[in-house]
Amino acid sequence: MGSSQSTSEEVRELVGKTGFSSDQIEQLHRRFKQLSGNQLTIRNLRKAPTGLADEINFEDFLTIMSYFRPIETNMDEEQLEHCRKEKLRFLFHMYDSDSDGRITLEEYRNVVEELLSGNPHIEKESARSIADGAMMEAASVCVGQMQPDQVYEGITFDDFLKIWQGIDIETKMHVRFLNMETIALCH
Amino acid sequence: MPGPGFCGLSPLRVFPSVFVVAALLGLLPVLRSHGLQNTVTSKVSTMGLYIGPGDGDVTSAPPEVSHEVHPVTNHSGPFHGKPRKPFPVLGIDYTHVRTPFEISLWILLACLMKLGFHVIPTISNIVPESCLLIVVGLLVGGLIKGVGESPPVLESKIFFLFLLPPIILDAGYFLPLRPFTENLGTILIFAVVGTLWNAFFLGGLMYAVCMVGGPQINEIGLLDNLLFGSIISAVDPVAVLAVFEEIHINELLHILVFGESLLNDAVTVVLYHLFEEFAGIDHVTLVDIVLGFLSFFVVSLGGVFVGVVYGIIAAFTSRFTSHIRVIEPLFVFLYSYMAYLSAELFHLSGIMALIASGVMMRPYVEANISHKSHTTIKYFLKMWSSISETLIFIFLGVSTVAGSHHWNWTFVISTLLFCLIARVLGVLGLTWFINKFRIVKLTPKDQFIIAYGGLRGAIAFSLGYLLDVRHFPMRELFLTAIITVIFFTVFVQGMTIRPLVDLLAVKKKQESKRSINEEIHTQFLDHLLTGIEDICGHYGHHHWKDKLNRFNKKYVKKCLIAGERSNEPQLIAFYHKMEMKQAIELVESGGVGKIPPAVSTVSMQNIHPKAPSERILPALSKDKEEEIRKILRNNLQKTRQRLKSYNRHTLVADPFEEAWNQMLLRRQKVRQLEQKINNYLTVPAHKLDSPTMSRARIGSDPLAYEPKPDSENLPIITIDPASPQSPESVDLVNEELKGKDSVLEEEEEDERGLVMHPKEPSSPGTDDVFTPEPGDSPSTQRMLRCLSDPGPRPEPGEGEPFIPKGQ
């Protein structure tokens with residue numbers, strides 16, 4: 001994908017793939033150029049363990065952003081369900097760092113530790129006990145009563161859906177793309 | 001007592017009605033004492049007939065009344081002229097206690113009414129409580145009028161100073177902040193623009209009607225009509241609360257209508273005072289309009305500012321109340337009330353001040369106060385607001401009967417009509433505008449509910465009542481119209497909204513418990529979305545929220561929250577709350593020994609199966625557990641209460657609270673035991689505490705836990721599970737240790753080999769520690785010490801956690 005993004009063919013292709021309008025794609029492209037310093041890809045500056053990409057190009061950028069599009073009112077039930085599943089799948093992948101389809105206790109612990117990492121005074125134990133408690137709760141929601149010798153491997157995507165059943169992910173996981181004029185420089 | 005089958009109801013059902021009747025009759029002595037002694041018996045017998053079917057109970061009351069009165073008359077008679085009266089053994093002095101007596105009677109009546117309605121469930125399913133209360137008010141008013149007395153009217157002063165604040169404070173303190181701030185724009189537009197539109201539309205149309213409406217109403221000028229419009233156009237929070245509480249619609253709609261009813265107070269206050277001032281003036285200049293516009297900002301922002309200031313002061317005060325927990329709730333109430341009064345003092349919006357102070361002080365106060373104070377605040381607020389609401393509706397009914405009315409068909413009917421039309425048009429127009437900016441659009445169903453939920457209530461009535469008759473000769477007409485609109489909205493709309501909600505299949509409130517998972521996910525999403533917004537370069541909602549949180553954490557929390565809690569992140573606070581709740585459930589569900597059946601049997605085993613394979617010690621069999629339990633129960637005494645010099649103002653540690661703290665501790669202990677088992681040699685000598693335990697310490701205060709510094713020479717109980725179990729192998733530990741039954745009966749955990757090291761024996765709240773095996777080094781002992789440190793401590797590797805006294 002060249003920097004001549006304005007070729008309508010490519011734009012149309014992207015519109016089809018991601019569902020953005022061409023204006024939005026234009027704006028996002030401008031933003032992408034800002035972030036990447038006019039390069040073709042954004043480099044990952046973080047020394048990442050496996051599972052994270054080194055660099056992403058514009059198409060990947062758009063794909064990820066498309067998960068955060070607000071839902072439209074004219075969607076029917078099926079589309080809504082599909083949209084919801086997509087968003088939840090994205091979230092699931094963020095938890096599941098080794099992409100084995102299950103959120104294990106270790107991964108969950110990492111998530112909670114990272115959430116609490118902003119506060120330097122919290123020690124690991126608290127994070128652990130919270131993660132353990134949450135995991136137990138998830139297990140009891142998904143499987144119910146368990147015998148002492150049964151083992152709960154981890155949260156699968158279906159379990160994840162079950163947990164999220166009560167919560168409206170569609171209304172929470174969105175960013176307004178309408179007023180992109182307030183583009184600010186990174187600080 | 002009426003016999004069975006009276007009026008086809010069982011005795012149980014009739015009982016509350018008899019209560020009610022008795023309460024009504026209790027009003028009689030109040031009225032009697034005004035000196036109508038001669039007419040007692042005649043009036044009373046007509047009363048007896050008035051009440052209902054002749055019933056032995058009813059008519060037996062009056063003669064007692066007259067008996068009461070006679071001693072007075074008899075008393076003074078014979079002693080007329082004598083210089084010395086014999087000492088009065090029994091006398092009556094009603095005037096002495098009159099005011100509090102009457103007030104108490106009214107409140108008692110309100111409470112009994114509430115009681116009655118809930119005992120008879122059939123009616124309360126169809127008719128909302130507010131309607132029933134108004135009807136009762138009508139009845140009582142009719143009663144009083146029938147007796148010849150003038151019933152009390154809902155005085156504006158009493159209403160605004162005493163009846164309204166508890167309701168608003170309850171609403172503001174427990175305002176669900178998240179949906180409120182997310183929808184703030186929408187709410188503000190509805191409140192401000194919507195109310196303005198309603199007021200002017202209604203006022204203008206009513207003026208037109210007045211011009212053509214006939215001789216009675218021709219003199220009502222434009223400004224008067226605008227004033228009337230502004231009074232009646234405000235959606236009333238009391239009525240909205242009363243009705244919406246019962247229908248359980250989804251959070252979004254609830255917060256929209258309710259938020260609107262709260263925030264439109266500023267507009268109402270400004271418009272009311274504006275038009276009241278201008279009513280005498282013929283000519284309104286541009287300057288006046290500009291000033292009016294300006295005063296709107298002053299009133300609303302000023303009110304909020306006053307509230308915020310008082311909220312901050314309250315939060316700051318609560319930081320130091322750790323020694324006198326008893327009066328903590330009082331600070332919350334008093335500061336909020338002062339905020340309200342101060343705002344009213346300057347003609348600012350009292351409601352907004354109250355809401356602002358409640359919202360402002362809540363997070364900090366809740367972090368500072370004890371668990372008991374929190375419960376106290378919650379229940380007092382609910383109690384006061386509930387009674388206030390009941391009284392307001394009853395008085396509305398009474399005032400209807402009491403007031404002098406001036407009925408004019410054209411005026412009243414057109415008011416009603418235009419109110420409805422204005423509301424519908426306003427909502428439709430504003431929603432069309434708002435939906436351009438909202439992500440979650442408001443569907444037509446939502447719009448209907450919002451329009452339909454625009455109930456008017458007692459605030460409108462009180463504002464109308466405040467009008468001065470000299471300036472506003474048409475005051476009675478206004479009042480009649482206001483009351484009609486109130487009755488219509490409360491009765492018709494209130495009664496039909498529930499079936500309509502069911503009919504339209506509006507989304508209801510989801511009765512889901514907040515789980516720790518949900519909390520984690522929500523916070524995760526917050527972070528994620530903030531990051532994405534940063535990437536987009538979009539200064540959105542999350543960006544500002546993040547900034548506010550950072551500011552809060554860095555500066556504000558340090559000032560306003562006592563001690564170490566200022567560093568506690570929200571997730572931990574939430575987790576603590578959950579644990580407390582679970583512990584309470586555990587205790588309530590039948591005490592320490594039983595496993596509640598509802599609790600899932602999922603345990604650490606199920607999710608972390610690595611532990612068993614690395615278990616160093618074999619698990620105890622069930623019999624051995626039983627034996628241990630018995631031994632410990634018999635041989636260990638309960639903690640003695642540590643009573644300091646007792647005075648009324650300190651809370652004594654009650655054993656119940658001790659027990660549940662213990663439980664929390666033990667659960668945490670045993671849970672962490674498993675994690676410790678395989679790495680006890682490698683874990684640094686850190687606190688092993690869970691946040692819950694430390695909070696439990698701090699929370700259940702006023703006993704300061706004096707920490708005893710580490711002492712290696714404390715006696716130790718060792719139970720060696722590998723050897724054949726015998727009761728004698730257990731040594732008696734020193735007397736401070738509590739009964740160990742609870743610890744062994746954790747529903748989730750397996751037992752390990754028990755080695756218990758009692759530490760810090762002088763503190764009653766302490767627990768014993770489990771270490772994975774006997775004979776470990778002092779370093780591990782120290783590490784596994786249980787007396788908790790206060791959560792987030794900056795020094796790692798500190799060997800001696802302790803809690804500073806009084807925190």
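A residue is called buried here when its relative accessible area is under 20%, exposed when that value is over 50%, and partly exposed in between. With that scale in hand, three sites in chain B of this predicted model can be taken in turn.

The first stop is helix α22 of chain B, which spans residues 541–560 and bends by about 45 degrees at K553(B). Its buried residues are H542(B) and H543(B), then N552(B), V556(B), K557(B) and L560(B). In an α-helix there are 3.6 residues a turn, so residues three or four places apart point the same way. The partners of the buried residues of α22(B) are three other helices of chain B, namely α13 (286–318), α15 (350–368) and α21 (516–536).

Next comes S156(B), a residue of helix α7, which covers residues 156–173 of chain B. Because its relative accessible area is 5%, S156(B) counts as buried. Leaving aside residues up to four places away in sequence, S156(B) touches S462(B), Y465(B) and L466(B). With S462(B) there is also a polar approach: a polar atom of the S156(B) side chain lies 2.9 Å from the backbone oxygen of S462(B).

The last site is on the surface, where I324(B), V326(B), I327(B), L330(B) and L334(B) form a nonpolar patch. Together these residues have about 410 Å² of accessible area. One of them, I324(B), sits in the loop between α13 and α14 (328–345) of chain B. I324(B) has a relative accessibility of 43% and therefore counts as partly exposed.

Conventions. Residues are numbered from 1 along each chain as its sequence is written. Chains are lettered from A and ligands numbered from 1 in the order in which they are written. This is a predicted model: local features need pLDDT of at least 70, side-chain atom pairs count only at pLDDT 80 or more; totals for chains, interfaces and linings use all residues. Side-chain values use heavy atoms; hydrogens and water are left out. The bend at a residue is the angle between axes fitted to the seven residues ending there and the seven starting there. Helices (H or I, at least four residues) and strands (E, at least two) are DSSP runs, numbered from the N terminus. Buried means under 20% relative accessible area, exposed over 50%, partly exposed in between (1.4 Å probe, protein chains only). Contact means heavy atoms within 4.5 Å. A polar contact is a pair of N or O atoms within 3.5 Å; within protein, one must be able to donate a hydrogen and the other to accept it, and residues adjacent in sequence count only if both atoms are side-chain atoms. Patches are made of residues with over 30% relative accessible area and no salt bridge: like charges are joined within 9 Å, nonpolar side chains (Val, Leu, Ile, Met, Phe, Trp, Tyr) within 5 Å. Accessible areas come from the Shrake-Rupley method with a 1.4 Å probe; for residues, only the protein chains shown count as cover. A salt bridge is a side-chain nitrogen of Lys or Arg within 4 Å of a carboxyl oxygen of Asp or Glu.
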